[in-house]
Amino acid sequence: MEECMSSIGIVTPQAYRFDAPLILQSGASIADYTLMVETYGSLNADKSNAVLVCHALNASHHVAGYYADQPKNIGWWDNMVGPGKPLDTDKFFVIGVNNLGSCFGSTGPMHPNPATGKPYGADFPVVTVEDWVRAQARLADVLGIQQFAAVMGGSLGGMQALAWSMLYPDRLRHCVVIASTPKLSAQNIAFNDVARQAILTDPDFHGGDFYAHQVVPRRGLRVARMIGHITYLSNDDMAEKFGRELRNGEYQFGFGVDFEIESYLRYQGDKFSDYFDANTYLLITKALDYFDPAQAYGGNLTQALANTKAEFLLASFTTDWRFSPERSREIVQALVDNRRKVSYAEIDAPHGHDAFLLDDPRYLNLVAAYYNRIAAELA
Amino acid sequence: MNFSELKVLRPDLAFIAHWIKQGAHVLDVGCGDGVMLDYLQTDKQCSGYGTEIADEQVLVCAQRGINVIQQDMENGLGIFADNAFDTVLCLSSLQMMKHVEGLLRDIARVGNEAIVSFPNFGYWPHRTALLRGKMPVSKALPYEWYDTPNVRCATIYDFADLADDVGLDVLECVALHEGKPITFLPNLRGSLAVFRLKKK
């Protein structure tokens, strides 16, 4: 699946403006908003070949290809989406949407609150996975897509795909959920809260109104990202990549960077704090924490999925301890209880949670096989 | 996949297929390349799932468009509810299991009927091999003792006892050779044992 497949090439994002207020799960509402969108491939005549790709924590609408003025800014799932790739843009019309509250152009906490004229900051309403899905459904309306061939996502994106199957059972034929979970564990929430505390206690955070102070809570963002990165990698992967390698060959007997793993995490943290918004980090981790579709059914996921109509593909990775295979199996079990069509692969990959973004042929070939079947249904 | 295609590919499966009712909800434990479910789905309008551990087989199943769930049978059938299936198939894979009894109990738990097949170690060439003092190597058992995946060796009579123990009644027991039923001296002349079982 390598060299022979080319990228979709130069892509251009588009802004879609929505003027009707969106009522959120919390009861709050957003008066009007913009969603940043990218599309790849072309919509067929009966509008049956659209696939929505939902993004995870720090990603965006930029799923595939690159920008004319930023050739190194390659979409986050470019190995999955493109001509001849598993989700083949020669056959499917693929849509990437930046979610509300994110920081890549869609309306978020850094944008002016129409009520005050100042940036929303901490006043940006808390959004949930279901809120995002409702906003995505409005986009589908505007694009004239009544039913998606598939809705797909990994991790938090997988939660959105799952939510689609429950909220709009008639609007998708297939649901592809990779390395995801029906709800976070206490351990997942704990990691998220440590990350949030790092941001909230950074003196530069200013209660979320750091824009007015022209500062960025960099230290908090950096620590948040470092914690995140630890949970994305497996112990084995970290041992293999970094082990106890020393940056300068010997102990420095200080608190600077001794080990390569420290250097790596600090680099990732620095890079992240350059582009990511602190309020967005808080919002998105809350959306993760709150997702629990079974909650309304007394914790019974089988009942929560009873009204779904889609066919499902799930995949998990054996060394993913953030959203482990057990979590995917809970979803599979609930779907099997409901006699839904479902296939599930447990990929024995060493890369932890990050594996869903990487090039494992077993994983990519499986997704390709699944989309080939969907393409055959179109013909 | 129609019946004649199945008969060419897998005569043993073609023989077994007539025991499965039209529209049945089926679990195929250790479904391999998914050919049986493919046939049952297209020709008999059956629904259901296959379970399979091998990556390459899971991919073939996905290409065929059958529902495949990747899991190790040794871990049981925990994700399936009691009485979830009309028929549970476990075809030519039981002999590879460490936990045969546990899996059979689980098959009895999730299914109403079960169809189980395995190589019959009572097949006469296997007996003559042992008489000559060597472990049997044949078309049905094409492995040396040190590299065989078949860790459980049973004859037709052996299996009937275990089926009774785990709560399964034997409805039919057939010995096949090259896909054809053997009626005269089946435990001697049949290389593949096939049991049709029902929960007691």
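This is a dialogue on reading the predicted model of chain A and chain B, from the chains to their interface and then to single residues.

Reader: Before turning to any detail, how should I judge the overall build of chain A, and what is its radius of gyration?

Author: A useful start is to set the radius of gyration beside what a compact globule of that length would have, and for the 379 residues of chain A that value is near 21 Å, which agrees with the 20 Å of the chain itself. Its C-alpha trace spans about 65 × 50 × 50 Å along the principal axes, and the chain has 10 helices and 12 strands. Of the residues of chain A, 56% count as buried, while 71% of the contacts between residues at least 6 apart in sequence join residues at least 24 apart.

Reader: How many helices and strands does chain B have, and what does its radius of gyration say about the fold?

Author: Chain B has 8 helices and 8 strands, and its radius of gyration of 16 Å is close to the 16 Å that the globule rule gives for 200 residues, so chain B is as compact as a globular protein of that length. The C-alpha trace of chain B spans about 45 × 35 × 35 Å along its principal axes. Buried residues make up 54% of the chain, and residues 24 or more positions apart account for 65% of its contacts with a separation of 6 or more.

Reader: Turning to the interface, how many residues of each chain are in contact, and what area do the two chains bury between them?

Author: One reads an interface through its residues, its area and its polar links. Here 20 residues of chain A are in contact with 19 residues of chain B, and the two chains bury about 1,600 Å² between them, with 57% of it on carbon and sulfur atoms. The rule finds 9 residue pairs in polar contact across this interface, both residues being at pLDDT 80 or more. On the side of chain A that touches chain B, helix 9 (325-337), strand 12 (342-347) and helix 10 (361-378) each supply at least two residues, and the residues of that side divide into 9 nonpolar, 3 polar and 8 charged.

Reader: Which side chains meet in a salt bridge across the interface?

Author: The rule finds 1 salt bridge between chain A and chain B, in which the side chains of A:Arg362 and B:Asp55 meet at 3.5 Å, N to O.

Reader: How should I read a positive phi, and where in chain A are A:Ser155 and A:Gln214 found?

Author: Most residues other than glycine have a negative phi. A:Ser155, however, has phi near 60°, and its place is in the loop between strand 9 (148-154) and helix 2 (156-167). A:Gln214, with phi near 55°, is found in the loop between helix 3 (186-200) and helix 4 (218-232).

Reader: Is A:Ser155 buried or exposed, and is A:Gln214 buried or exposed?

Author: Relative accessibility decides this, and A:Ser155 counts as buried because its value is 7%, under the 20% cut-off. A:Gln214 counts as exposed because its value is 73%, over the 50% cut-off.

Reader: Where does B:Ser47 lie, and with which residues is B:Ser47 in contact beyond its neighbours in sequence?

Author: B:Ser47 lies in strand 2 (residues 47-52) of chain B and, at 33% relative accessibility, counts as partly exposed. Leaving aside neighbours within four places in sequence, B:Ser47 is in contact with B:Ala24, B:His25 and B:Val26, and its side chain makes a polar contact of 2.7 Å with the side chain of B:His25.

Key: Residues are numbered from 1 along each chain as its sequence is written. Chains are lettered from A and ligands numbered from 1 in the order in which they are written. This is a predicted model: local features need pLDDT of at least 70, side-chain atom pairs count only at pLDDT 80 or more; totals for chains, interfaces and linings use all residues. Side-chain values use heavy atoms; hydrogens and water are left out. Contact means heavy atoms within 4.5 Å. Buried area is the accessible area (1.4 Å probe) that two parts lose on being put together, summed over both. A salt bridge is a side-chain nitrogen of Lys or Arg within 4 Å of a carboxyl oxygen of Asp or Glu. A polar contact is a pair of N or O atoms within 3.5 Å; within protein, one must be able to donate a hydrogen and the other to accept it, and residues adjacent in sequence count only if both atoms are side-chain atoms. Helices (H or I, at least four residues) and strands (E, at least two) are DSSP runs, numbered from the N terminus. Ala, Val, Leu, Ile, Met, Phe, Trp, Tyr, Cys and Pro count as nonpolar, Asp, Glu, Lys and Arg as charged, and the others, Gly among them, as polar. Buried means under 20% relative accessible area, exposed over 50%, partly exposed in between (1.4 Å probe, protein chains only). The radius of gyration is taken over C-alpha atoms; the globule rule is 2.2 Å times the number of residues to the power 0.38.
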